[in-house]
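Here is a friendly walk through one model, from a strand pair to contacts between chains. Have the structure open beside you as you read.

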Amino acid sequence: MTDLIRTVQQQPWSLWWIQFRRFARIEIRRNLITKRAWWIYFLAFVPAVIIFIHLIVDRHQPSSMTEDTNILAGIVQLYYVRLGVFFGCLGIFSRLIRGEMIERSLHYYLLSPVRREVILLAKFFAGSVSAVVLFGVALTFDFVLMYIGYGGAGQDFMLHGAGPGQFEAYLLIMVLACLGYGSLFLMLSLMFRNPMPGALLLWGWEAINPVMPSLLQKFSVASYLRHLMPVSVPAEGIFALLTVETEPVAAWVAVIGLLALIAVVLIYCCIRMRRLEIRYTTD
Amino acid sequence: MSVFQHEYRPYEGPTTPLWKRPVVLARYGLAEAWGSKITIGLAVLALLPCLVELVLMYLADNPLAKMLVVGNSKVLEINERFFFNLLEVQSWFALVLAAWIAPRLVSFDLGDNAMPILLSHPISRFGYVLGKFIALVLSLSYVTWIPLLLLFVYQCYASPVPWAVGHLGVAFGLFTGALVWIVVLSLVCLAVSSWVKWRVVATGAIFAVVFVPAGVGGMVSAILRTRWGFLLNVPVVMSELWMRLLGVPPFGNPMFWFPNIAIVSVLVVTSLLCVAVLNARIRAREVVRG
Amino acid sequence: MSAAIETIRFENVSKFYGEVLGVNRITLTLSPGITTLVGPNGSGKTTLMNLMTGLVQPSRGKISVLGLEPSNATEFFCNVGYCAQFDSFPRGLTGFQFVLDSLMLFGMSEEDAHALAVEALERVQLDAAAAHRNIAGYSKGMRQKIRLAQAIAHHPRVLVLDEPLNGLDPMARAESLALFQELGRQGMHVVISSHILDEVDRVSDRVVLITGGYLIAQGNIHEVRQEVRDKPMQLLIRCDKPDLLASKMFAVNHCVEARLHADGAGIFLRTGDVDQFYKILNEIAIEGAVKIEAVAPFDDNANAIYQYLIGSDGSAV
């Protein structure tokens, strides 16, 4: 045990930390600040644009604030978690490793004096920051634009009423969704030459997960997020499948459960990364 | 005079007629599409619902078997709604198959910068797209109108004559409805594949292009309190079209009951957008991105 | 200092890509200087280089470079630079950014990284204006140069170069070869694979011939040529009476071919026994009938060895 501690202490942690930061900086520059990411901006900000139109053209009757609260909850649960964040993260995180292999540029990183685990975690961190910043900012716009039209009542709701709690919950959902889907897509891109069939199966799995046995529900990002929703979304038909709360779980259990799932996935990704070979001709 | 000029003779034999050249591309496209085991797997999977429906038809048309298995239940009534449901199921399979096949047809050529080489052959850009389009439409026909019409023919054979006479419109609806869907779908898939360039990403992008506008449409309808946002939901629009083509009485959410002109406009605009994208992307040039 | 930490070692290394053989049972030790990997397309040169740098892992055997293994990335890649043949780069970068970014990952300060990047670009003679343009707009030769700059920027002790002369014009090729020679003289390991045998022949200290994944020969070019005893050796003798020399040489039965030089002041002779040949040549020189000005082996170069050992069609003979 003492040997293990000594070995851990002897590792060049400060160098790894510097490399991690620099790698992440390079990746964020390439992920976030690029014209090619326009479609992710679109996915993130399209609700804000629609809500902005609503702000301009609709008369905000005080009675419709509850309805708007339900609509915002629906946007988070049905649009962001199921479509926007899902496809956005699919684009961002699949590109991190598989995209570099397709572009035949991954070898430059594998030939740098950086441990492969550090490369992987830095890439994951950069992808997460990109996704969280984009979707977090978009959500903030959505929230503010949705209630600002109600004047004083809207401001009161946002600053003192149930608003702050709901906003925090939505933000937490967004962060966890980005991390959860991000880790899974990173894993799929390390496992398969074409991660898309796997990703689309995951999409289907996330949809049918509520009707699965309790144990299988643990292997789903959306099932954890569902327990964190501050407002239950009234949905009918097939959409009810996406919003139904199955077994009630405390919020902290859901958060820790999802973080544990992410940790397990990342550890597996590190193992895959160590064994990764550059064979572009077969990709 | 150089040796080259002495001995070189240009090819003077017969050449493929202009109108046949896209068919050559279609043939290679089909070989490329069906060379994947996943394509075969998906195609087999797509026929399973048809097999189930075939069994149901048999039961419905065989009074003794029907009595033994389901009693007098109305579940087994073979009518417009029955074929409508089957068309919906098969159209989802067509989407999955198209999302898998289309990137194989186009993205390889674009990803490897092969377009200048391909278009340096005596084939036009239109011919290139037409060839790929034919390959995709033929592949999708295999899971849509072909099995559906075969099932219809079986039903005509197995049921009393008045059924066939009374439901001839269903055959027309099945063929036209499926054809409209696979034509629009093929254009969308080819356009997305040519835009995205990477095969790996194109499959995901095709699903995103179908479902994200549906989600956006849902938001527009919810936030702006209007039903017109649902026009962005192509699956919903197609369902409405099929209902009318097959003569199914309206059911479901009344907010989806759009006028015919709106449905046709959505499909035409979508197709035109796809053609514009194809026109912009399928060019004999190497795109160098910084 | 043990030999292991000064050499590159392959110990019974095999690599299979599924059922396809990459390289098989390669045992090899490379000391400092310039080593050229020679072999036809698909012979396993790139696989050998990728194995050396950890881009692929051996199916069997062990590789160490200066006593280090690629799994220890931090130390390994401080000592190794690899200019791979993949003609692609991370998107959206200028040449300078590309070199700078890779240096920043070493953990050095930004000033040091900047200085090293400038130095590397100067060494490969890529001008500053070009270095600050986007790589996507570079010519093939410029891309080759920027890859080389990135590989040498951190002053590695081992430099692995996969087809480094591809795409370079004759001037740039000569400059690159001069750079490799200079690095080799400084005691660096320079491992080059190239098809341009005439040019690498002039700079390399040893050749490694591989074909079909198997090691065929290795060592100094002259030594390797000496060992290819079944192929008569060709020599060029500059003299005043080449026809007389030819007639004297044909009197002994190990001389198998003679051909006059185009300028008439020399003769190419092909012999199956070099030792005997030199002995007789000495005797002729002493006799004084023929005035011999120079004697030089004519086919102990990488090109000839390639032809003899691998064959013009790329198959081992």
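Two strands count as paired if DSSP finds at least two bridges between them. Keep in mind throughout that this is a predicted model.

**A hairpin in chain C**

Let's begin with strand β1 (residues 8–17) of chain C, which pairs with strand β2 (residues 20–30) of chain C in the antiparallel sense, over seven bridges. To find your place along the pair, look for F10(C), whose bridge partner in β2(C) is L28(C). The hairpin that β1(C) and β2(C) form has two residues between the strands, and there G18(C) takes a positive phi near 65°.

**Two domains in chain C**

Zooming out, the domain assignment splits chain C into domain 1 (3–219) and domain 2 (227–305). Taken over C-alpha atoms, the centres of these two domains of chain C are separated by 40 Å. Where they touch, domain 1 of chain C contributes eight residues and domain 2 of chain C contributes four residues. On the domain 1 side, β3 (33–38), α8 (197–203) and β8 (206–211) of chain C each give two or more residues. Which of these gives the largest share? That is α8(C), with four residues.

**Where chain A meets chain C**

Between chains, 25 residues of chain A are in contact with 24 residues of chain C. Two elements of chain A, α2 (13–31) and α5 (106–110), give two or more residues to the side that touches chain C. The most comes from α2(A), with seven residues.

**A helix pair across chains A and B**

Two packed helices are described by the angle between their axes and the distance between the axes. For helix α3 (residues 38–57) of chain A and helix α11 (residues 199–223) of chain B, the angle is about 20° and the axes are 10 Å apart. Angles under 35 degrees count as roughly parallel, which is why α3(A) is described as roughly parallel to α11(B). Their crossing is right-handed. If you want to see the contact itself, α3(A) brings L43(A), V46(A), P47(A), I50(A), I51(A) and H54(A), which meet V212(B), V216(B), M219(B), V220(B) and I223(B) of α11(B).

**Residue classes at the contacts**

The table sets out the classes for these contacts.

| Contact | Nonpolar | Polar | Charged |
|---|---|---|---|
| Side of domain 1 of chain C that touches domain 2 of chain C | five residues | one residue | two residues |
| Side of chain A that touches chain C | twelve residues | five residues | eight residues |
| Contact of α3(A) with α11(B) | ten residues | one residue | no residues |

Terms used
Residues are numbered from 1 along each chain as its sequence is written. Chains are lettered from A and ligands numbered from 1 in the order in which they are written. This is a predicted model: local features need pLDDT of at least 70, side-chain atom pairs count only at pLDDT 80 or more; totals for chains, interfaces and linings use all residues. Domain bounds come from an automatic or database domain assignment. Two residues are in contact if their C-beta atoms, placed from the backbone, lie within 7 Å. Ala, Val, Leu, Ile, Met, Phe, Trp, Tyr, Cys and Pro count as nonpolar, Asp, Glu, Lys and Arg as charged, and the others, Gly among them, as polar. Axes are lines fitted to C-alpha atoms, for helices over the stretch in contact, and angles run from 0 to 180 degrees between N-to-C directions. Angles under 35 degrees count as roughly parallel, over 145 as roughly antiparallel, 65 to 115 as roughly perpendicular and the rest as oblique. A crossing is left-handed if the near helix is turned anticlockwise from the far one by less than a right angle, and right-handed if clockwise.
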